[in-house]
Amino acid sequence: MTNFLNWIENKFMPPLAKLAEQKHLKAVRDGVISTLSLIIIGCFFLVIGNPPIQSWADAIAPYVNQITIPFRITTGLMSLYAAYGMGYSLAKSYKLDGVSGGVLSLATFLMLTIPLNVDASLPEGEGIGWVLPMGNLGGSGMFSAILAMIFAVEVLRFFKEKKMMITMPEQVPESVARSFEALIPGAFVIIVVWVIRVLLGFDINSMLMSIFSPLNNILGNNLIGVLLPVVLITLLWAAGVHGVSVIGSIVRPMWLVMLEANGQALIDGAQPNELPYIAPEQFYQWLVWIGGSGATLSLCALLLFAKSAYLKQVGRFSIVPALFNINEPLIFGTPIVMNPILAIPFVLAPTVTTTISYFAVKFGIVNGFSVNAPWTLPAPVGAFLSASNDWKAAALVIINIILAGIIYYPFVKVYDKKMLEEENAQEQGTEEGETVTV
Amino acid sequence: MDVLMVCSGGMSSAIVVKAIKKEADKQGIDMNIKAVGSGSVEDELKDGQYDLLLVAPQVKHQFDTFASYAKENNVPIEKVEPMGYTPIGAPKTLNLIKKYK
């Protein structure tokens with residue numbers, strides 16, 4: 001087991017961590033993170049639009065479209081915001097002007113979407129001006145946004161390196177000079193996308209969706225695909241690396257696509273327990289990572305009753321953060337990192353609770369997840385809000401806490417005994433005894 | 001002295017930072033310490049005047065990135081040991097900080 005943990009730290013983690021730190025993926029991560037607060041706000045209106053009590057739901061039914069407009073404009077247009085954020089971040093990482101990169105990335109992304117009026121999808125004379133279909137600007141446009149962002153900023157960088165740009169004399173203010181710098185690469189980018197999308201009529205959006213939707217289906221609806229991030233994240237944590245930060249960098253765009261698809265389905269009238277995807281990030285956040293990665297709230301509760309003075313103390317200082325899903329003090333204090341005894345339940349418990357939760361959502365016993373609630377909420381509350389106000393989701397959280405506790409129990413017993421023996425040996429070894437400071 | 005600690009979201013480091021500050025006060029050391037998430041560490045280093053950047057153990061895979069930010073701002077950088085990243089590990093991390101005083 002120790003060998004295995006060493007292998008994880010030395011062989012398995014570095015390439016994954018390197019991938020997560022790759023410039024383009026990092027830009028995707030930072031860009032996507034910049035949209036999260038908007039998505040949380042938008043989802044709040046989804047909660048209001050889907051009240052838990054039928055009579056309330058009936059009462060607001062005529063106004064649902066008005067109530068969910070903030071959702072449509074925030075979460076429903078997430079790729080729009082992400083395109084800017086990602087472009088900004090990638091340009092910054094190349095030491096280019098962030099705003100120029102963001103704006104060009106956004107324009108490139110929008111160029112991929114043709115206004116509906118062009119091909120007579122909309123009758124003329126409606127007096128509504130030109131209309132962009134919002135469907136491509138939400139989650140389903142995420143991959144187009146990523147591609148557009150990479151293309152736009154890479155061209156910007158290439159032109160800058162080759163000095164193919166209009167340089168202004170030094171007297172010109174810097175902000176003006178910068179906007180001229182982006183002129184030639186910007187024109188190049190827009191013309192290329194215009195030729196591909198408009199003249200050749202090649203629909204990049206639908207091509208990318210046809211590539212990525214099978215992948216989304218595996219990660220979102222297939223048991224193996226749903227378990228994969230759980231195992232990878234807990235293994236990385238067992239080697240001491242923030243698993244969600246690494247794996248999330250890679251998978252989060254897909255999780256967000258799933259979340260948005262679920263939210264859209266809901267406002268389009270789908271039953272809350274029949275949403276398209278089982279496992280957007282919120283599925284893990286609320287049903288599996290209870291108390292933090294590794295379902296450590298259960299472990300923390302067990303440590304409170306440990307015989308070892310040290311473990312008891314770790315349990316005490318970790319329990320309050322654990323209620324808000326922060327578990328680093330526990331992970332590094334116990335420690336779980338590189339600890340062959342506790343690494344086993346740390347991987348095993350979430351694997352079991354994921355499997356059970358998967359079937360609970362799949363069979364419609366518990367609602368699907370469509371709301372991005374702040375991750376520091378206590379899990380039953382977060383689960384309730386995130387699964388369209390479903391009390392059964394909160395009940396499943398309690399069941400999962402108990403289950404994880406049962407899985408952790410024998411391992412905690414063994415580790416507690418070992419620690420206690422060490423503590424006793426230490427006390428006998430030193431005359432005055434090692435004092436543990438609080 | 002002013003110390004900055006970076007973790008993933010700035011949440012767990014806030015807990016650790018609090019414990020370190022408490023320990024420093026106990027030992028009578030004049031020190032300000034602040035926690036940030038990995039997304040805002042670059043700007044924080046640029047805007048603030050820091051004497052040391054501490055990297056939380058769970059983001060050690062990003063160490064090279066942080067090191068490049070630190071170098072740009074001439075701030076020394078150190079990794080926090082796993083066992084130093086807990087409330088009871090605070091004295092250990094404080095000893096690390098004291099080296100830069």
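# A walking tour of chains A and B

**Stop 1: a methionine inside a helix.** Select M149(A), and you land in helix α8, which covers residues 142-161 of chain A. Keep in mind as you go that this is a predicted model. Is M149(A) buried or exposed? It is buried, because its relative accessibility is 0%, and the cut-off for buried is under 20%.

Now show what surrounds this side chain. Leaving out residues up to four places away in sequence, M149(A) touches H24(A), A27(A) and V28(A). The list goes on with A83(A), M86(A), G87(A), L90(A) and S105(A). For a distance to try in your viewer, pick the C-alpha atoms of M149(A) and M168(A): they lie 26 Å apart, with the two positions 19 residues apart along the chain.

**Stop 2: the whole of chain A.** Zoom out and colour chain A by secondary structure. How many helices and strands does chain A have? There are 20 helices and zero strands. The C-alpha atoms fill a box of roughly 85 × 60 × 35 Å along the principal axes.

Next, try colouring by accessibility. Chain A has 438 residues, and 50% of them count as buried. The chain exposes about 19,600 Å², with carbon and sulfur atoms supplying 68% of that area. If you turn on contacts between residues at least 6 apart in sequence, 73% of them join residues at least 24 apart. For charges, select the 23 positive and 28 negative ones in chain A; their mean positions are 5 Å apart.

**Stop 3: an arginine under cover.** Select R252(A), which belongs to helix α13, residues 243-267 of chain A. R252(A) counts as buried because its relative accessible area is 12%, below the 20% limit. Which residues is R252(A) in contact with, leaving aside neighbours within four places in sequence? They are V32(A), V244(A), I247(A) and E281(A).

**Stop 4: backbone oddities in the loops of chain A.** Three loop positions deserve a look at the backbone angles.

- Start at A295(A), in the loop between α14 (281-288) and α15 (296-304) of chain A. A295(A) is not a glycine, and yet its phi is positive, about 50°. With a relative accessibility of 4%, A295(A) is buried.
- Move on to N325(A), in the loop that links α16 (309-323) and α17 of chain A. N325(A) also has a positive phi, about 65°, without being a glycine. Its relative accessibility is 6%, so N325(A) counts as buried.
- Finish at P335(A), in the loop between α17 (328-333) and α18 (340-362) of chain A. Look at the peptide bond leading from T334(A) to P335(A): this bond is cis, and its omega is near -20°.

**Stop 5: across to chain B and strand β1.** Select residues 2-7 of chain B, which form strand β1. This strand is mostly covered, with five of its six residues buried. In which sense do β1(B) and β2(B), residues 32-37, pair? They pair in the parallel sense, over six bridges. On its other pairing, β1(B) runs parallel with β3(B) over four bridges.

V6(B) is a handy residue to click here. Its bridge partner in β2(B) is V36(B), and in β3(B) the partner is V55(B). Click L4(B) as well, which stands opposite L53(B) in β3(B). Then follow the chain from β1(B) through helix α1, residues 12-26, to β2(B): together they make a right-handed β-α-β unit.

**Stop 6: strand β3 of chain B.** Now select residues 52-55 of chain B and show the side chains. Which residues point one way from β3(B), and which the other way? L52(B) and L54(B) point one way, L53(B) and V55(B) point the other, and all are buried.

Add strand β4, residues 77-79 of chain B, to the selection. β3(B) and β4(B) pair in the parallel sense over three bridges, and L54(B) stands opposite E78(B) in β4(B). For the last view, include helix α3, residues 63-72 of chain B: β3(B), this helix and β4(B) make a right-handed β-α-β unit.

Technical notes: Residues numbered from 1 in each chain as written. Chains lettered and ligands numbered in written order. Predicted model: local features only at pLDDT ≥ 70, side-chain atom pairs only at ≥ 80, totals over all residues. Heavy atoms only, no water. Helix = DSSP H or I, 4+ residues; strand = E, 2+ residues; numbered from the N terminus. Buried < 20%, exposed > 50% of the residue type's maximum accessible area, 1.4 Å probe, protein only. Contact = heavy atoms within 4.5 Å. Areas by Shrake-Rupley, 256 points an atom, 1.4 Å probe, with all protein chains shown as cover. Lys, Arg positive; Asp, Glu negative; His and termini not counted. Charge placed at Lys NZ, Arg CZ, Asp CG, Glu CD. Pairing = 2+ DSSP bridges. Right-handed = clockwise from strand over helix to strand, strands pointing away.
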